[in-house]
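This report describes one protein chain for a reader who is new to structures. It starts with the ligand site and then turns to the chain as a whole, its strands and two loop residues.

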Amino acid sequence: MWKVYGSQASRYLEAVRAGEDTDRLECTSAVQGVSFDVEPGETFVVMGLSGSGKSTLVRCLTRLVEPTDGVVDIDGVDVRAMTRRQLSDTRRKDWAMVFQHFGLLPHRRVLQNVAYGLEVGGVGRRERESKAREVIELVGLRGVENKYPHELSGGMKQRVGLARALAVDPRLLLLDEPFSALDPLIRTDLQDQLLRLAKIVKQTSVFITHDLAEALKVGDRIAIMRDGQFVQVGTPEDIVLRPKDDYVRRFALDAPRAKVVTARTAATRATVVGATETIDEARAQLVAEGSTSVVVHGSTPFVISGERLRHVDTGRSLQDLRDGQFAVVSPDAKLWDVMSQMTSTGNAVIVRDDDGVIVGTVDATAVVMGLGVPTADENAA
Ligand SMILES: Nc1ncnc2c1ncn2[C@@H]1O[C@H](COP(=O)(O)OP(=O)(O)OP(=O)(O)O)[C@@H](O)[C@H]1O
């Protein structure tokens, strides 16, 4: 997609395509050949500094700004081919937008603000108020249904904005810096709320922000935008661990790695044995696989280090070697949560997926590596 502002926009685009000089044309090229897909249920974040073109890009999706060129396909419908009528119907029923400055109707109470989209869509009073109450509950606003916007704090106003958007069960939710005007604590609170909602509602969203920490927290995938182009598109881990160039690397340096890196990435492969196997069998398997520890599988799995296994008396059973508690986490758990489990058990953590497959273990060394903390050798160098 392209969006060029200025009366000579088409000329500008032709010149770009012909490889000609564009200096003499008075245009601003806000979005330059950006292309991306958003999966159903995904939160896709567009992150960039002021002026990078994120607002223009997102407005082009619903034609609040008309793209200069390109294709927008939402749910298999060619948005650029829609008539004005189809566009306004779809904007009302299928797409919702949350802005930084709330945009609430000042003379309507919270309940009526939240029900507004349904009212415009012709939904009867009883039905729309019942739906509005449901969403108000969902965003944690029960009790303020009858208040007016001026009686609410900024954080509450934005919850109302979110509730109003969600009330229409939008197929696509667009959020343009929704939390940027809020205090840090309230902002964190609303990010948590959004994450919780995203899980419950499985909402497909495009979220704009200039804050990488926010992008890493709420995004399933993130596009880093600069000068109207995507520099990199990837998961939070891709951005932090595999930045594509120095621009992304500079942002990623300050990223809270413990809240981004997953147990799946940090895990060390372990040899998995059944609880009925003998110590000799477990040892042989450990050596054959070249791992450093063994996970004894079962309803309460546990870890034995390779070092210990090598030195124990073969006459004992594997069960005798259980030493303490072992937490089990999902591969998607962040190191932050893994560390908290390690602290409470004092042991390595077992990483097991939803199908019961052991992915590996995370011990203190794996955490340090995952956090990218330089080793003593690296420090000395
Ligand atoms: N209506 C307009 N007419 C002309 N130029 C515009 C218009 N809107 C935006 N621009 C320009 O397009 C470029 C991208 O602006 P845009 O607002 O999309 O960026 P942004 O990343 O959303 O920035 P911000 O976070 O400050 O809103 C900027 O150079 C801006 O000055």
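A residue counts as near a molecule if its C-beta atom, placed from the backbone, lies within 6 Å of that molecule. The model shown here is predicted. The residues around the ligand are Tyr5, Thr28, Ala30, Gly48, Ser50, Gly51, Ser52, Gly53, Lys54, Ser55, Thr56 and His210. By type, this shell divides into two nonpolar residues, nine polar ones and one charged one. Strand E2 (28–32) supplies at least two residues of the shell, and so does helix H2 (54–61). The largest share comes from H2, with three residues.

**The chain as a whole**

The chain has 381 residues, and buried residues make up 37% of them. Its secondary structure comes to 16 helices and 16 strands. Taken along the principal axes, the C-alpha atoms fill a box of roughly 80 × 60 × 40 Å. Among contacts between residues at least 6 apart in sequence, 62% join residues at least 24 apart.

The chain is divided into domain 1 (36–257) and domain 2 (263–371). The C-alpha centres of domain 1 and domain 2 lie 41 Å apart. A UniProt record, an unreviewed entry, lists residues 16–252 as "domain: ABC transporter". Over residues 16–252 the chain is 41% helix and 18% strand, and the C-alpha atoms at the two ends of this stretch are 32 Å apart.

**Strands and their partners**

Strands of a sheet pair through backbone hydrogen bonds, either parallel or antiparallel. Two parallel pairs in this model are set out below.

| Strand pair | Residues of the second strand | Sense | Bridges |
|---|---|---|---|
| E6 and E7 | residues 172–176 | parallel | five bridges |
| E14 and E15 | residues 349–352 | parallel | two bridges |

In the pair of E6 and E7, the bridge partner of Trp95 is Leu172 in E7. Is strand E6 (residues 95–99) largely enclosed by the rest of the structure, or largely open? A residue is buried if 20 or more other C-beta atoms lie within 10 Å of its own. Four of the five residues of E6 are buried, so this strand is largely enclosed by the rest of the structure.

Strands E14, E15 and E16 form an open sheet in that order, and the pairing in the sheet is mixed. Strand E14 (328–329) and strand E16 (358–362) stand at the edges with a single partner strand each, so one side of each has no neighbour in the sheet. Within the pair of E14 and E15, Val329 stands opposite Val351 in E15.

**Two loop residues with positive phi**

Asp75 has a positive phi of about 55 degrees, although it is not a glycine. Asp75 is found in the loop between strand E4 (73–74) and strand E5 (77–78). How many other C-beta atoms lie within 10 Å of Asp75? There are 12 of them, and Asp75 is exposed, because a residue with 12 or fewer such neighbours counts as exposed.

Glu177 is a residue other than glycine, and its phi is also positive, near 45 degrees. Glu177 lies in the loop between E7 and helix H7 (184–201). With 18 C-beta neighbours inside 10 Å, Glu177 counts as partly exposed.

Note on methods: Residues are numbered from 1 along each chain as its sequence is written. This is a predicted model: local features need pLDDT of at least 70, side-chain atom pairs count only at pLDDT 80 or more; totals for chains, interfaces and linings use all residues. Domain bounds come from an automatic or database domain assignment. Ala, Val, Leu, Ile, Met, Phe, Trp, Tyr, Cys and Pro count as nonpolar, Asp, Glu, Lys and Arg as charged, and the others, Gly among them, as polar. UniProt positions are given in the numbering used here, feature names are shortened, and annotations may be inferred rather than shown by experiment. Two strands pair if DSSP finds at least two bridges between them. Two residues are in contact if their C-beta atoms, placed from the backbone, lie within 7 Å.
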